[in-house]
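User: Please examine one strand of this model closely, together with the strands that pair with it. Wider context from elsewhere in the chain would also be welcome.

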Amino acid sequence: MPVNLTPNAIAMINGGDVNLKPLVQVVDIKQIGSAQERYRLLISDSVSTQHAMLATQLNDRVKNGFVKKGSVIQLIDYICSEVQKRKIIVVLNLETIIPDCEIIGNPKLFIDMTAQKALPNGNSIQPAGIGYNNPSAQNYGNNMQSFQPPLSAQKQGYTVHSFRPPLTSQNHGNNMQNFQSTLSARNHGNNVQSFQPTVQPPYRPPPSYRNHGAIMKNEAPARIIPIAALNPYQGRWAIKARVTAKGDLRRYNNARGDGKVFSFDLLDSNGGEIRVTCFNAVVDRFYDVIEVGRVYLISKGSLKPAQKNFNHLNNEWEIFLEATSTVDLCSDEDGSIPQQQFSFKPISEIENAENNAILDVIGIVISVNPSVPILRKNGMETQRRILNLKDSSGRSVELTLWGDFCNKEGQKLQEIVDSGVFPVLAVKAGKVSDFSGKSLGTISSTQLFINPDIPDAHGLKDWFDRGGHSAASLSISRDIMPGGSKNEIRKTVSQIKFEGLGRSDRPDWVTVSARITFVKTDTFCYTACPLMIGDRQCNKKVIRSGNSRWQCDRCNQEFDECDYRYLLQVQIQDHTGLTWVTAFQEAGEEILGYPAKELYLMKYELQDDTRFADIIRGRLFHQYLFRLKIKEEMYGDEQRVKMTVVKADKVNYSSESRYLLDFISKYPRY
């Protein structure tokens, strides 16, 4: 079927028309960039072509085949920006009208020649697109000719017309105008021509800047655009958004010297989010100005690719404010911009989340532990508090609060729970850890909301009050194996060996019902470094220095007190065989029933060998459900399968009997 592209669309877009919504055709498409995947198009209105850049949120249109070479598309939202002294169209939104079509017309690259060129005799000539005497013009069959008024001629028997526009009263010389043929019209006769004259502005003499001072810059307000439409190809822009989070002021030192930096997150009425970062002198301008919850009008910043190691927002760009940037507080509250935006994940999905992933979660606080002091690697002391969350997915998870979170939200939560009330807690930007199961921890950009007034919180509270408080939930933190529920994968000791568990790329997680037959006591624990590295404790082995203090070679620091951590070698046995397993801190305490420090002092300081031996013998031949992580590791030049105890539960004989009866019922009968 015939397709009529929007006439003169390329010229009008270059002229600044952003409301045209033209029909154009994709005549070429090319993927560019390696770090940031982008697509560059060559679009046509059947006469002229122009390069365009596709916004990254539209990449899927190309990957899914909705936009390809020959596609006829309608540009819904777009801008025309100047990049390196040439214009490029940035397509922000489009609709595919015809997915596949033959190339329409014989379009040529659009050349913007709006500047007048002075002639020696005072006359001026203004070409427009494909016009008269334009070498890029083409003869389409016998119907389209190139003309330059006021000439008239005959060519091969076909009539050639000449045109001259009326002169205005402001013309001081003879102005010779070119006229553009409407190429989309197809004339089948030999004498029929269709021309559309361009509008000629009145002549104005070139401006004289002599003795007039500096030229005034364009200070008109920039157009407010959505955050999702921001891209580096725009010249002047402005966004109106609410500050949802503000980071601490941090100081750093590198090869360039000392510096300071802070950042804050923005949210606009369309749900777009982006991070803004300020350095050094810009920090002094804006740090005290920015307040969480307020709405600002921000413009004149530069966009750079977001560093995803530190930026969890769903935006590939990050704004860097500069000396010329402006940040203006909007005095009127804008109700169209939400206070906060969440993307909650059920606790059950955290089991399969990647380590160090940043996500939002909401749950009922069922327990809060006291805050304890922790010594960081830099020698500074901080606070740590652990609480537990559960939701309707049947899972619970540990949330570790660090620093100020312990004494602010953490203390408030403890007071609420101690009063017998279980509050709803929404966590914005929690960090996933996979150490001994899955858990969450706070980082500098984390935000905690107690009993927030949002539908998710009301729904969760209603579920809890209607019976969720007594619903069973399994902890994914040091309690169960990833990807499986409690006791899901039950194996015997012999099956571990015969099935080759642990020899694949990923570890195997199984449960074994067995009894302890032997415990090595010569190296049952070790002295550990108490300093913090990031959000984890160092835990490297420390030794006594010359001045009776403890020294860590990894942290290169000394301290008066150290930690004592289990490194317990245990032999376990079931009806099929026996094997050795290793139990670290939490699992070691579950097996022996004492903190490692207490047994260390008993054996090496008090030298009470009798009591120490009684404690060890008292644990022999007790039956446990051992949850094991099995993985092959390299020891020297030899590959060995290492089995680590993740959890050691004493057997509940009632539950174990039900499991065995169910297992027997499923066993085939002959």
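Analyst: The account below starts with a single strand and its partners and then turns to two other sites.

This is a predicted model, in which local features need pLDDT of at least 70, side-chain atom pairs count only at pLDDT 80 or more, and totals for chains, interfaces and linings use all residues. Residues are numbered from 1 along each chain as its sequence is written, and side-chain values use heavy atoms, with hydrogens and water left out.

The strand in question is β16, residues 257-267. Strands (E, at least two residues) and helices (H or I, at least four) are DSSP runs, numbered from the N terminus. Of the eleven residues of β16, nine are buried, so the strand is mostly covered; buried means under 20% relative accessible area, exposed over 50%, and partly exposed in between, with a 1.4 Å probe and protein chains only.

Pairing, which requires that DSSP find at least two bridges between two strands, links β16 to several partners. With strand β15 (residues 250-254), β16 pairs in the antiparallel sense over five bridges. N253 has D258 in β16 as its bridge partner, and β15 and β16 form a hairpin with two residues between them.

Strand β17 (residues 273-279) also runs antiparallel to β16, and seven bridges join them. Here L266 stands opposite I274 in β17. These two strands form a hairpin as well, with five residues between them; G271, in the turn, has a positive phi of about 85°. Strand β14 (residues 238-246) is joined to β16 by four bridges, again antiparallel, and R242 has L267 in β16 as its bridge partner.

As a general point, side chains in a regular strand alternate between the two faces of the sheet.

Elsewhere, Q571 lies in strand β36 (residues 568-574). Q571 counts as buried because its relative accessibility is 16%. Beyond its neighbours within four places in sequence, Q571 is in contact (heavy atoms within 4.5 Å) with R515, I516, T517, F518, L578, T579 and W580. The C-alpha atoms of Q571 and L620 are separated by 9.8 Å, these residues being 49 apart along the chain.

The other site involves F663, in helix α11 (residues 653-666). F663 counts as partly exposed because its relative accessibility is 46%. Together with L661 and I664, F663 makes a nonpolar surface patch of about 330 Å².

Methods:
Patch = residues over 30% accessible without salt bridge, like charges linked within 9 Å, V, L, I, M, F, W, Y side chains within 5 Å. Areas by Shrake-Rupley, 256 points an atom, 1.4 Å probe, with all protein chains shown as cover. Salt bridge = Lys/Arg side-chain N within 4 Å of Asp/Glu carboxyl O.
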